[in-house]
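The following account leads the reader through a protein structure, from its charged side-chain pairs to its sheets. Please keep the sequence and the model in view while reading.

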Amino acid sequence: MKKYDNINTALIHGGVSIDERTGAVNVPIYQTSTYKQDGLGKMRGYEYSRTGNPTREALESLIAELEGGVAGFAFASGMAATAAVLSLFKSGDRILISANVYGGTFRILDKIFNNFGLTYKISDTEDPGSFEKDITPDVKAVLIESPANPLMTVTDIKAISEIAHKHGLLVIVDNTFMTPYLQKPIPLGADIVLHSATKYLGGHSDLVAGLAVVNSKELAEKIAFIQNAVGGVLAPFDSFLLIRGIKTLSVRMDRHVFNAEKAARFLLSNKAVKSVYYPGLENDKGYAVNKKQAKNGGAMISFELHDNYNIRTFFESLELVMLAESLGGVESLVCHPSSMTHASIPEDIRKKVGITDGLIRLSVGIEDIDDILADLAQAIEKSEIK
């Protein structure tokens with residue numbers, strides 16, 4: 001298939017976008033576990049759906065094209081994709097991770113891979129100099145989120161990649177918050193890009209999926225082997241849903257960001273709000289770096305209310321914005337990181353990196369912005385302790 005430089009077109013026509021046999025404008029759901037072979041060693045390209053499935057491969061080729069990578073891989077969840085990538089390493093290796101990352105990423109390193117001798121260290125990837133000082137002979141990779149979950153801290157992906165590659169490290173970037181529509185880590189130097197495709201790529205809170213994209217044939221061969229051997233692959237129907245979701249990514253993200261920028265400025269000007277974390281604001285410490293490497297600040301915001309506001313009352317008073325895990329759907333969602341998404345991180349580490357008990361994370365949806373702001377305003381007003 002022809003590759004398209006304009007991402008708005010590539011989202012719809014990228015990868016394998018039609019069924020070559022029938023001309024169907026949507027790749028069918030190949031709901032099969034196995035494939036007829038014409039003789040010993042005579043396959044028609046497929047043998048077993050854990051190893052390869054046409055619907056999943058259409059998705060995998062699409063995400064590879066969108067991220068500018070060599071190959072893509074679809075998994076049953078974002079954590080399954082992360083586990084596959086971490087399986088590239090061996091006992092005695094160490095991974096550096098950004099100071100605030102998704103709690104599930106911390107948990108799988110701390111509670112699962114740590115049992116097999118793969119260790120980690122939290123590093124200040126916001127500061128390239130500090131990051132380089134953390135590189136020891138056993139460090140084999142750095143795992144970055146930018147903006148990071150949940151404090152929206154920004155890492156200079158190009159600068160960190162240059163340092164990492166100088167020391168022979170792999171650079172892994174979780175691009176869930178930004179998507180390839182807003183940020184492309186591979187051209188900035190990343191070796192592997194991860195997505196919880198459950199979020200913005202799917203976009204409708206109706207599937208769970210993970211994606212990985214690699215920048216070399218060598219890494220592609222290794223991840224393909226792990227994907228097939230472990231078998232945490234994405235099902236054909238969910239692959240179909242995810243392709244469908246990706247087709248509208250640009251129009252959804254434009255609306256998400258439009259709303260988020262207004263929501264961030266509303267929160268910044270509200271007397272009840274103590275702090276706002278959003279790299280799309282000019283006064284945010286990550287604004288300059290984020291502007292250099294991303295299209296805009298994305299649609300995730302975190303904020304804290306002053307001490308004379310009760311966040312439990314705030315959550316209970318919301319009517320439109322829903323208290324729920326996850327993010328990136330068309331609906332606005334709010335969560336409490338310290339007891340929800342990041343509860344698996346020990347309290348002392350949470351406090352050290354700035355994830356306070358008062359932190360609120362907002363995934364801004366595509367509803368009418370006036371309705372979103374009105375709901376936030378009334379919930380904040382009701383939460384004041386008088």
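With which residue does Asp-38 form a salt bridge? The partner is Lys-36, and the closest N and O atoms are 3.6 Å apart; a salt bridge here is a side-chain nitrogen of Lys or Arg within 4 Å of a carboxyl oxygen of Asp or Glu.

The model is predicted, so local features need pLDDT of at least 70 and side-chain atom pairs count only at pLDDT 80 or more, while totals for chains, interfaces and linings use all residues. Residues are numbered from 1 along each chain as its sequence is written, and side-chain values use heavy atoms, leaving out hydrogens and water.

Asp-38 is partly exposed at 43% relative accessibility, whereas Lys-36 is exposed at 61% (buried means under 20% relative accessible area, exposed over 50%, partly exposed in between, with a 1.4 Å probe and protein chains only). The whole structure holds 15 salt bridges. Another of them joins Lys-90 to Asp-93 at 3.9 Å between the closest N and O atoms; Lys-90 is exposed at 57%, but Asp-93 is buried at 6%. In helix α9 (residues 217-230), Glu-218 and Lys-222 lie four residues apart, about one turn of the helix, and their side chains meet in a salt bridge of 3.5 Å, N to O. Helices (H or I, at least four residues) and strands (E, at least two) are DSSP runs, numbered from the N terminus. Shared partners also link Lys-36, Asp-38 and Arg-44 into one network of salt bridges.

The sheets come next. An open sheet of seven strands follows the order β1-β7-β6-β5-β4-β2-β3, with mixed pairing; two strands pair if DSSP finds at least two bridges between them. Its edge strands, β1 (71-75) and β3 (119-123), each pair on one side only. Within this sheet, β6 (residues 192-196) and β7 (residues 210-214) are antiparallel over five bridges, and Ile-192 has Val-214 as its bridge partner in β7. Helix α2 (residues 54-67) packs on the sheet and touches β1, β6 and β7 (contact means heavy atoms within 4.5 Å), its direction making about 130° with that of β1. Such angles run from 0 to 180 degrees between N-to-C directions, with axes fitted to C-alpha atoms, for helices over the stretch in contact.

A second open sheet, of five strands, has the order β8-β9-β12-β11-β10 and mixed pairing. Strands β8 (273-277) and β10 (322-323) stand at its edges with a single partner strand each, so one side of each lacks a neighbour in the sheet. Two bridges join β10 in parallel to β11 (residues 333-335), where Leu-333 stands opposite Met-322.
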